[in-house]
Amino acid sequence: MSEAFVQGTHPEHTSLGDFERLYSGVSPMNYGWYQGQFALRAATVYSTEKFGLLDKMKAAFPFAPGPRLAPADVLRRVDQLSPGFAAWDQQLTPAAATTK
């Protein structure tokens, strides 16, 4: 269902940067599109890593008080743990120019 919804939806915002910046400021349809994208990415990662990525992420992102990491830094770290996240981000971003 996620794939059909994602393919049939033409959201105003598609980049991860927009999602981070706007979060609840996007329309409900646009928010649903993001959730569909996240579900599809999670399914892709799960097919190869199962729950192993969660252990890697807990080690790479330990709870620590202090400043928040910039989204670009988080994406870079996650891509090192599970290659493909940066390419996925790039795949989402150009869609903004073609879906408006």
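Here are a few questions and answers on helix packing and the nonpolar core in this predicted model.

Student: Which helices each supply at least two residues of the largest nonpolar core?

Tutor: Happy to start there! The largest nonpolar core has 13 residues, and Trp33, Tyr34, Phe85, Trp88 and Leu92 are those with the most contacts inside it. The helices that each supply at least two of its residues are α2 (16-22), α3 (28-49), α5 (71-81) and α6 (85-92).

Student: Which residues does tryptophan 88 touch, leaving out residues up to four places away in sequence?

Tutor: Good one to look at, since Trp88 is among the core residues with the most contacts. With those sequence neighbours set aside, its partners are Leu16, Gln37, Phe38 and Arg41.

Student: Are α4 and α5 parallel or oblique to each other?

Tutor: Let's begin with the geometry: the axes of α4 (residues 52-60) and α5 come within 10 Å and cross at roughly 135 degrees. Angles over 145 degrees would count as roughly antiparallel, and 65 to 115 as roughly perpendicular. The crossing falls in neither range, so α4 and α5 are oblique.

Student: How many charged residues does the contact of α5 with α6 have?

Tutor: These two helices pack at about 130 degrees with axes 7 Å apart. On the α5 side the contact uses Leu75, Val78 and Asp79, and on the α6 side Phe85, Ala86 and Asp89. By class, four are nonpolar and none polar, while the number of charged residues is two.

Notes: Residues numbered from 1 in each chain as written. Predicted model: local features only at pLDDT ≥ 70, side-chain atom pairs only at ≥ 80, totals over all residues. Heavy atoms only, no water. Core = buried A, V, L, I, M, F, W, Y, C linked by side-chain atoms within 4.5 Å. Buried < 20%, exposed > 50% of the residue type's maximum accessible area, 1.4 Å probe, protein only. Helix = DSSP H or I, 4+ residues; strand = E, 2+ residues; numbered from the N terminus. Contact = heavy atoms within 4.5 Å. Axes fitted to C-alpha atoms, helices over the stretch in contact; angles between N-to-C directions. Parallel < 35°, antiparallel > 145°, perpendicular 65-115°, else oblique. Nonpolar A, V, L, I, M, F, W, Y, C, P; charged D, E, K, R; others polar.
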